[in-house]
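Hi everyone, thanks for making time today. I'd like to walk you through one chain, going from the overall numbers down to a few single residues.

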Amino acid sequence: MTAKPEKLKKSGGKVPHTYAILFLIMIAAMVASYLIPAGQYEREEVDGRTVVIDNSFAEVEQSPVGFFELFKAIPTGMSEASSIIFYIFLVGGAFGIIRATGAIESGIAKVVDKLEKREKFLIPIIMTLFSVLGATIGMAEEVIIFVPIGIAVARAIGFDAMTGTAMVSLGAASGFIGGMLNPFTVGIAQGIAELQIFSGIGFRFGAYIFFLGFAIWYVMRYAAKVKKDPKQSVIYEIEKRAQKSSTKDQAEALGAFNWRHGMVFVFLAVGLGINVYGVFEWGWYLTELAASFVIIGFAAGLVGNLGVNRMFDAFVDGMKLVVFGALIVGFARAILVIMEQGVIMDTMIHGLSSVISGLPNALTVIGMFFTQVVINFFIPSGSGQAATTMPIMTPLSDLLAIERQVAVLAYQYGDGITNSIIPTSAALMGYLAVAGIPYEKWVKFVWKLVVGWLFIALVALVIAVFIGVS
């Protein structure tokens, strides 16, 4: 899902708060409204999309944004992004209920119990399971609560805490990057780009197989080295001090998997299937999807025997977890409000298109991709980054004759891949803290995987340009 507000530390100082970064960008946009010439493109409706008319840019009268307008932009941005904000809240609440039933934890314990003596299958199965959760419900911070389980399982069969943390977190990350049905990234980005929600699912699934497959190979290769020689562990000194726990004890602590848990998974699977059908056949958008997720959550709570009070407590708790990411969408929208009021957004788009218009489309998309990678360091919230960048990348892709779907892919991969290594990712720092793994040790372990993922993304984007994914 979206990043939570953690005060993270780097060597040499603190990383600025994400909201502080966005507010500084708002101030920069206000100042820019005095310095950058105002200009506008003409736009028209084509097949239900608002598109920029090429060669229609013209300078207009300057319209600088004042000090009070800077602060008015915040509630205005919240209002304009309200459908997305409440969508995030409601989906977060629904999954809060699903988590409260204990179905996910008990399901994992069931898988662990079945594979207790067949550990070679453990890593790919666990990683695939979490990748599905990452691809469908945008699992990110929720990984934190499963890290101790992963570590206990890994140590019990001769691996280390790094393996346990990786098979849970990198499995979810693989699915998050693939994002076929991720409502918090792909869903929001496609909505802003005026594309059918979850369109291009076939191409995304193909790329997801490569992201996941490479991650499974990477973790299994490392785990095999550690099992053969524990001194090969990146955290060998930490492992020597660790107390090993039993897989069975860990599973028992989670509670047995029962028919209620099974029904929760059935409701979730059926609900997601209906959502996909609704999007493609009934024209569902954020309002319908949010309502559907609420129904899924309530149904899971009732069959999970939570009771009415516990169900709504879990619903509120789920919304609390996404407050940071939900409200950041409003702040991100405030930046655009200032640029729109200052009439400078089109000027910036015109400038960008002028700089890269002579490049082949494949190189242009690669430029978009690495721009998103850089922005992700400062805005690690997937939904916040979509709200910040897609209103600019969408018309830019139109001007450069690049499919909007490809621009969404560039955002999606630029946002998702580096979450597994950047210190501004609250999810990453959270599960490293729970695992007791120093950040620098994690970087030593994961950097080659991230480079591999970046390469896969580049290949996928170039292919997407040439085949015209739409």
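Let's begin with contacts, where contact means heavy atoms within 4.5 Å. Among contacts in this chain between residues at least 6 apart in sequence, 81% join residues at least 24 apart. Before going further, a word on what we're looking at: this is a predicted model, local features need pLDDT of at least 70, side-chain atom pairs count only at pLDDT 80 or more, and totals for chains, interfaces and linings use all residues. Residues are numbered from 1 along each chain as its sequence is written, and side-chain values use heavy atoms, with hydrogens and water left out.

Now the overall inventory. The chain has 21 helices and 6 strands; these are DSSP runs numbered from the N terminus, with helices being H or I of at least four residues and strands being E of at least two. Of the 470 residues in the chain, 56% are buried. Buried means under 20% relative accessible area, exposed means over 50%, and partly exposed is in between, with a 1.4 Å probe and protein chains only. About 19,500 Å² of the chain is exposed, and carbon and sulfur atoms supply 64% of that. Those areas come from the Shrake-Rupley method with a 1.4 Å probe, and for residues only the protein chains shown count as cover.

Let me take you to helix α7, residues 161–178. Its 18 residues reach 25 Å from the first C-alpha to the last, close to the 26 Å expected at 1.5 Å a residue. The expected span here is 1.5 Å times one less than the number of residues. There is also a kink of about 25° in α7, centred on Met 167. For the geometry fans, the bend at a residue is the angle between axes fitted to the seven residues ending there and the seven starting there. How many of the residues of α7 are buried? The count is 18 of the 18, so α7 is largely enclosed by the rest of the structure. Right after α7 comes Gly 179, with a positive phi near 55°.

Next up is α19, residues 404–416, which is where Asp 415 sits. The end C-alpha atoms of α19 are 18 Å apart, in agreement with the 18 Å that its 13 residues should span at 1.5 Å a residue. Here 13 of the 13 residues are buried, so α19 too is largely enclosed by the rest of the structure.

Asp 415 deserves a pause. Which side chain of opposite charge is nearest to Asp 415? That would be Arg 204, at 11 Å, and Asp 415 is buried yet has no salt bridge. For charges, Lys and Arg count as positive and Asp and Glu as negative, while His and the chain ends are not counted. A salt bridge is a side-chain nitrogen of Lys or Arg within 4 Å of a carboxyl oxygen of Asp or Glu. Leaving out residues up to four places away in sequence, Asp 415 touches Phe 176, Thr 185, Asn 376, Pro 380, Ser 381, Gly 382 and Gln 385.

So where do we find salt bridges? By this rule, the count comes to 5. One of them joins Lys 320 and Asp 317, at 3.8 Å from N to O. Both residues lie in helix α14, residues 307–321, and they are 3 residues apart, about one turn of the helix. Lys 320 is exposed at 56% relative accessible area, and Asp 317 is partly exposed at 41%.

Another pairs Glu 340 with Arg 333, the closest N and O atoms being 3.3 Å apart. Glu 340 is partly exposed, with a relative accessible area of 37%. Then there is Arg 404 with Asp 398, where the closest N and O atoms are 2.6 Å apart. Arg 404 is buried at 3% relative accessible area, whereas Asp 398 counts as partly exposed at 23%. As for shared partners, salt bridges join Glu 80, Arg 333 and Glu 340 into one network.

I'll finish with Ile 392, in helix α18, residues 382–399. Ile 392 counts as buried, at 17% relative accessibility. Its C-alpha atom is 8.5 Å from that of Asp 346, although the two are 46 residues apart along the chain. Not counting residues up to four places away in sequence, Ile 392 touches Met 339, Met 345, Ile 349 and Leu 352.
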